[in-house]
Amino acid sequence: MRSLLIPLLLLAACQSPPESLPESLPESPRFLGNTACPISGRPIDPAAYFEHEGERVWFCNPDCAEKSASEPEVWIARAYPEARPFGNTTCVVSGERLPLDAPTVTWQGHELRLCCGTCVDVFRSDPALFVADLD
Ligand SMILES: [Zn+2]
Ligand SMILES: [Zn+2]
């Protein structure tokens with residue numbers, strides 16, 4: 001317990017804002033999913049989703065999620081019509097530098113860059129693990 005005191009004090013000291021804070025602080029926690037039900041357009045229920053090959057689509061209620069789960073590709077495409085660059089500057093799996101021709105994967109409307117094909121495979125095996133790690 002006692003050893004926590006010093007880091008906490010340092011943290012408190014750091015909170016007096018430096019002059020040059022970035023304009024937009026990252027949202028926290030960072031939710032990388034759709035926020036509107038692709039069927040009704042209403043806000044999602046965080047507990048109402050289906051998962052297909054590592055991607056999740058959220059719906060406004062469990063009925064929507066259940067009905068949609070039989071055609072996952074359709075609803076994934078509708079929930080994430082375009083992929084925006086995620087903006088990672090190092091490999092999301094290994095933390096390595098990205099080569100100029102870094103391979104990309106698209107996941108829940110985000111285009112992530114990885115350092116090599118092996119990392120692509122590792123990422124695909126459990127995407128949420130690596131994306132959650134980034135913050
Ligand atoms: Zn719905
Ligand atoms: Zn990598």
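Start with the part to be wary of: over residues 4-28 pLDDT stays under 50, and for that stretch the model has 2 contacts beyond four places in sequence. This is a predicted model, and its confidence is lowest in helix H1 (residues 2-14), where the mean is 47, while H3 sits at the top with 96. Where pLDDT is low, the predicted coordinates should not be read in detail. For the chain overall the mean pLDDT is 83, with 76% of the residues at 70 or more.

**Overall layout**

The chain has 5 helices and 5 strands, and going along the sequence they come in the pattern α-β-β-α-α-β-β-β-α-α. Of its 135 residues, 21% are buried. If you count contacts with a separation of 6 or more, 39% of them link residues 24 or more positions apart.

**The hairpin, H3 and the largest core**

S1 and S2 run antiparallel and are joined by 4 bridges. They make a hairpin with 2 residues between them, and His 52 stands opposite Glu 55 in S2. Glu 53 is in the loop between these two strands. Its phi is positive, near 45 degrees, and it is not a glycine. Glu 53 has 10 other C-beta atoms within 10 Å, so it is exposed.

Which residues have the most contacts inside the largest nonpolar core? They are Tyr 49, Val 57, Trp 58, Phe 59, Ala 65, Ile 76 and Ala 79, in a core of 13 residues. Strand S1 (49-52), strand S2 (55-58), helix H2 (62-68) and helix H3 (72-79) each put in at least two residues. H3 gives the most, with 3 residues. In soluble globular proteins, nonpolar side chains tend to be buried together.

Phe 59 is a handy residue to click on here. Leaving out residues up to four places away in sequence, Phe 59 touches Cys 37, Ile 39, Ile 44, Asp 45, Ala 48, Tyr 49, Cys 64, Ala 65 and Ser 68. Apart from this core lies another one, of 10 residues, with Cys 91, Leu 112, Leu 114 and Phe 123 among them.

Back to H3: its Trp 75, Ile 76 and Ala 79 are buried. Looking down the helix axis, the buried residues of H3 fall within an arc of 105 degrees, so they line one face of the helix. Glu 73, Val 74 and Ala 77 are exposed on the other side of H3. What do the buried residues of H3 pack against? Their partners are S1, S2 and H2.

**The three-stranded sheet**

The remaining strands form an open sheet of 3 strands in the order S3-S5-S4, with mixed pairing. Strand S3 (84-85) and strand S4 (104-107) are at the edges with a single partner strand each, so one side of each has no neighbour in the sheet. S4 pairs with strand S5 (residues 110-113) in the antiparallel sense, over 4 bridges, and Trp 107 has His 110 in S5 as its bridge partner.

His 110 lies in strand S5, and not counting residues up to four places away in sequence, it touches Leu 32, Ala 83, Arg 84 and Phe 86. The C-alpha atoms of His 110 and Ala 83 are separated by 4.7 Å, although their positions lie 27 residues apart along the chain. In sequence terms, His 110 and Ala 83 are 27 residues apart.

Gly 95 is in the loop between S3 and S4. Gly 95 and Cys 115 are 20 residues apart in sequence, with 8.5 Å from C-alpha to C-alpha.

The loop between S4 and S5 holds Gln 108, which has a positive phi of about 45 degrees although it is not a glycine. Is Gln 108 buried or exposed? Gln 108 is buried, because 22 other C-beta atoms lie within 10 Å.

Here are the neighbour counts for the residues picked out above.

| Residue | C-beta neighbours within 10 Å | Class |
|---|---|---|
| Glu 53 | 10 within 10 Å | exposed |
| Gly 95 | 11 inside 10 Å | exposed |
| His 110 | 18 inside 10 Å | partly exposed |
| Gln 108 | 22 within 10 Å | buried |

Technical notes. Residues numbered from 1 in each chain as written. Chains lettered and ligands numbered in written order. Predicted model: local features only at pLDDT ≥ 70, side-chain atom pairs only at ≥ 80, totals over all residues. Core = buried A, V, L, I, M, F, W, Y, C linked by C-beta atoms within 7 Å. Buried ≥ 20, exposed ≤ 12 C-beta atoms within 10 Å, placed from the backbone. Contact = placed C-beta atoms within 7 Å. Pairing = 2+ DSSP bridges. Arc of directions from axis to C-beta. pLDDT = per-residue confidence, 0-100.
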